[in-house]
Every structure is written in C-alpha cells, then in structure tokens.
Amino acid sequence: MNNARCYGFKSAFVAGLGRILAFAFMIALAASGLAVILYASETLFLAIKLCGALYLLWIALKLWRSESSPIADNAARHNHFELAKQEFLLAAGNPKAILIFTAFLPQFVDVGANVSNQFFVLGATFLVLELAAISIYALFGLYLRQWFSQPRMAKRFNRACAVFLTLSSANLLFSRPAN
C-alpha cells in the first residue's frame, strides 16, 4: 500500500513480486521437506526470527524519522529492483511464513497421489491469491494517495506504520515455533 501511494500501482505490483518470489521459495522448501529442518531447529528459527525482527525495526525507524511526504520527494527516485528486494526481505525474514506453509499446505495433500503436483497446484493457487491481495492493497494505496499528499498526513501515516512494524517486530521476537 505504501509503495502504491508513493510510486503508483505498477511499482507496487512489481515490488510485490519480491514477496511472491520469497513465498515461492518457501513453498518449494515445504514441498521438498527441507522446511522440516527449519521447523525442528530452534537455533535456525531463532536466527531467522532475529534477522526478521531487526529488519522490521530498521524499516520502522526509517519511517518514524521520515519528515516529508514520500510522494513529493521520492516519486521520481524509485527503483523497481530495490522495491522488490525490500518486499523479498520482509517476506523472507518472517519465519512464520515458512511454518505456515509447512503446517498448512500438507493438510490438503493426498499422500496416495502425486505429492509434487499437489504442492505445485496448492502453491500456485496461494501465489495467485497473494498477487490478488497485492493488487487490492496497491489500489487502496492509490485511493489514499491524494489524502497522503499532505505532508502532515504522510507523517502521521508513516508514524502509524512505524508503530505497527515495531509491534510486529516485538511479536516476531516473542513468537515460538508451532508444535
């Protein structure tokens, strides 16, 4: 939503492809069984969790310190690759996502049939739905764009997002792998 309000729908959608790539990688890990290692290893889970929480805090700090409207200042200076990389890191830094794919997707797999094909269909379905969600968020960001063109409103939004990211980071730090 923030990328859409700052850079437009196309940039937000392209940035969202970074998240799609991270989720596709996680789905492939879940399908191949490697996610079980992450699920069973508290040390690996803790390392990914700490990296993800620190990254969220870093983004929150950047948003909190932002003084002016990103629309006016950054509209001409965005880079699709950097936006996609940021989305990728946000998604990849969330260990709960891999745990969701590990715990959720297998419930819909019939072990008597071709498991790989089933994971492919389930994963592709999830990714298509995620693309739809990215589009909806981007459209909502465009809708709010004019409202956020006022520096005071943009600063309030940035600070609210910074608080949300800080709370998300704290939640991530205190989360435990599902049993």
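Helix 2 matches its expected span. At 1.5 Å a residue, its 24 residues should cover 34 Å, and the end C-alpha atoms lie 34 Å apart. The expected span is 1.5 Å times one less than the number of residues. Helices are DSSP runs of H or I with at least four residues, strands are E runs of at least two, and both are numbered from the N terminus. The model is predicted: local features need pLDDT of at least 70, side-chain atom pairs count only at pLDDT 80 or more, and totals for chains, interfaces and linings use all residues. Residues are numbered from 1 along each chain as its sequence is written, and side-chain values use heavy atoms, with hydrogens and water left out.

The protein has nine helices and zero strands. Of its 179 residues, 36% are buried (under 20% relative accessible area; exposed is over 50%, partly exposed in between; 1.4 Å probe, protein chains only). The exposed surface is about 10,600 Å², with 68% supplied by carbon and sulfur atoms. Areas were computed by the Shrake-Rupley method with a 1.4 Å probe. Among contacts (heavy atoms within 4.5 Å) between residues at least 6 apart in sequence, 89% join residues at least 24 apart.

Buried residues of helix 2 include Ser11, Gly16, Arg19, Ile20, Phe23, Met26 and Ile27. Gly33 follows the helix and has a positive phi, near 90°. Ahead of helix 2, Asn3 sits in helix 1 (residues 2–7). Asn3 counts as buried because its relative accessibility is 11%. Beyond its neighbours within four places in sequence, Asn3 contacts Gly8, Ala12, Ala15, Leu83 and Glu87.

The largest nonpolar core contains 16 residues, and Phe23, Met26 and Phe101 have the most contacts inside it. Such a core is a set of buried Ala, Val, Leu, Ile, Met, Phe, Trp, Tyr and Cys residues joined through side-chain atoms within 4.5 Å. Helix 2, helix 7 (95–104) and helix 8 each supply at least two residues of this core. Helix 2 gives the most, with six. Phe101 touches Phe23, Met26, Ile27, Ala30, Pro106 and Phe126, with residues up to four places away in sequence not counted. Another core lies apart, with nine residues, among them Leu56, Ile59, Leu63 and Leu172. In soluble globular proteins, nonpolar side chains tend to be buried together.

The whole structure holds two aromatic pairs. Rings of Phe, Tyr and Trp (its six-membered ring) pair if their centres lie within 6.5 Å; planes under 30 degrees apart are stacked, over 60 edge-to-face, and the rest tilted. Phe9 and Phe13 are stacked, at 6.1 Å centre to centre with 15° between the planes. Both lie in helix 2 (residues 9–32), four residues apart, about one turn of the helix. Phe9 is partly exposed at 31% relative accessibility, and Phe13 is partly exposed at 26%. Phe23 and Phe126 form an edge-to-face pair, at 5.7 Å centre to centre and 70° between the planes. This pair links distant parts of the chain: Phe23 is in helix 2 and Phe126 in helix 8 (residues 115–144), 103 residues apart. Phe23 is buried, at 11% relative accessibility, whereas Phe126 is partly exposed, at 27%.

A charge also sits over a ring. Arg159 lies over the face of Trp64, 4.3 Å from the ring centre. The criterion is NZ of Lys or CZ of Arg within 6 Å of the ring centre and within 35 degrees of the ring normal.
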